[in-house]
Amino acid sequence: MSKMRVRRHDNVIPKEIRDVISLRYKRITKAINREFWNSESETSNSLLVGSYGRNTAINTSDIDILSVLPQAEFDRHNILRGNAQSRLLQSVRNAIKATYPNSDIRADGQIVKVNFSDGIKFEVLPAFKSWNGSYTYPDSNMGGNWLSTNPKAEQSAIREKNNSSNGLLVATCRHMRYIRDNYFKSYTLSGIVIDSFVYYAIGGWHYTKQGEENTSSMSYEEVLLNYYNDKSFNLQWGGLKAPGSYDDVSVAKSYECLGKVLRLMAENNG
């Protein structure tokens, strides 16, 4: 398409940072496996999710880990009175703390946050496998309850549409993160909102191949902004679904920043 200003942002995470992330990912996985599975494995029962799992991360992105726990842990906590979800998160926190005693590690809502002094942040989501391929995870908010997610379905949907767009989907998601972090850092715009929005807004747009011409009267960036404006009401009030899993995606806190990013992209393409 013409005047495509979205950059690919390939290799945006330096190798030395990727190596540190890989080492810590394995150590966190091993710590949880040791506590809950009596295993020293650095890879079992662990799945990269979030931006890293969807391949839309940049160097400022948090690293999200889904850590699968034994079903017996769910059964044990599910019969407890009070906020059993909070207790489960604390157990996972304590397991990680044994490996990283000097790091800032805290349970927060649905995850365990691991903040390292060099600025790299991990978010660990303890979860249990469900029969349909999804995962059940604890939510300690509002007294505690269990929620479900299907990150593998989301990753598959993103991968398929990225292939059909010749890489434009992932490039757009990374580019929007770059703009968010460099121009609107004080605002909230979550990664799943970016990825879900672009997934639906992209339509049939793609990186052109040699000899292919653009027949649209609008730029790609203008098309994204128009989609945002046309779907404004639905976006603000829960009309966005995660690709593949079709889980509800809350846009309310991200809505303002999403518009700012899209407007800047459209203006720069004018």
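**Reading cysteines, rings and strands**

Guide: In this model, Cys173 has a relative accessible area of 0% and is therefore buried. The model is a predicted one, and we can begin with its cysteines.

Visitor: How many disulfides does a search of the whole structure find?

Guide: The general idea is that a disulfide is a covalent bond joining the sulfur atoms of two cysteines. Here the search of the whole structure returns 0 disulfides.

Visitor: Why is the sulfur of Cys173 without a bond to the closest cysteine sulfur?

Guide: The closest cysteine sulfur belongs to Cys257 and lies 14 Å from that of Cys173, which is too far for a bond, given that a disulfide requires the two sulfur atoms to be within 2.5 Å. Seen from the other side, the sulfur of Cys257 has its closest cysteine sulfur in Cys173, again at 14 Å and too far for a bond. Cys257 is buried as well, with a relative accessible area of 1%.

Visitor: How should I read an aromatic pair, and how many of them does the search find?

Guide: A pair of aromatic rings is described by two quantities, the distance between the centres and the angle between the planes. The search of the whole structure finds 10 aromatic pairs. In one of them, the rings of Phe116 and Phe122 have centres 5.9 Å apart and planes at 80°, so the pair is edge-to-face. Phe116 is buried at a relative accessible area of 9%, and Phe122 is buried at 0%.

The rings of Phe128 and Trp146 are also edge-to-face, because their planes stand at 80°, with the centres 6.0 Å apart. Since Phe128 lies in strand β5 (residues 121-129) and Trp146 in strand β7 (residues 145-149), this pair ties together parts that are 18 residues apart in sequence. Together with Phe74, Phe128 and Trp146 form one aromatic cluster.

Visitor: Within that pair, are Phe128 and Trp146 buried or exposed?

Guide: Phe128 is buried, with a relative accessible area of 2%, whereas Trp146 is partly exposed, at 21%.

Visitor: Which residues of strand β6 point one way, and which the other way?

Guide: In a regular strand, the side chains alternate between the two faces of the sheet. In β6, Tyr135, Tyr137 and Asp139 point one way, while Thr136 and Pro138 point the other way, and all are buried. Strand β6 (residues 135-139) is accordingly described as mostly covered, with 5 of its 5 residues buried.

Visitor: In what sense does β6 pair with β5 and with β7?

Guide: β5 and β6 pair in the antiparallel sense over 2 bridges, and β6 and β7 likewise pair in the antiparallel sense, over 5 bridges. Thr136 can be followed on both sides: in β6, Thr136 is the bridge partner of Phe128, and in β7 the bridge partner of Thr136 is Ser148. The hairpin of β5 and β6 has 5 residues between the strands, and there Gly133 takes a positive phi near 95°. In the hairpin of β6 and β7, which has 5 residues between the strands, Met142 takes a positive phi near 55°.

Visitor: Where do charged side chains lie in relation to the rings of Tyr100 and Tyr199?

Guide: The charged end of Arg27 sits over the ring of Tyr100, 4.7 Å from its centre. Lys161 lies over the face of Tyr199, at 4.4 Å from the ring centre.

Visitor: Where is Trp205 found?

Guide: Trp205 is in the loop between α7 (191-201) and α8 (220-230), and is buried at a relative accessible area of 9%. Its C-alpha is 9.4 Å from that of Val223, and the two residues are 18 residues apart in sequence.

Conventions
Residues numbered from 1 in each chain as written. Predicted model: local features only at pLDDT ≥ 70, side-chain atom pairs only at ≥ 80, totals over all residues. Heavy atoms only, no water. Buried < 20%, exposed > 50% of the residue type's maximum accessible area, 1.4 Å probe, protein only. Helix = DSSP H or I, 4+ residues; strand = E, 2+ residues; numbered from the N terminus. Phe/Tyr/Trp six-rings, centres within 6.5 Å; stacked < 30°, edge-to-face > 60°. Lys NZ or Arg CZ within 6 Å of the ring centre and 35° of its normal. Pairing = 2+ DSSP bridges.
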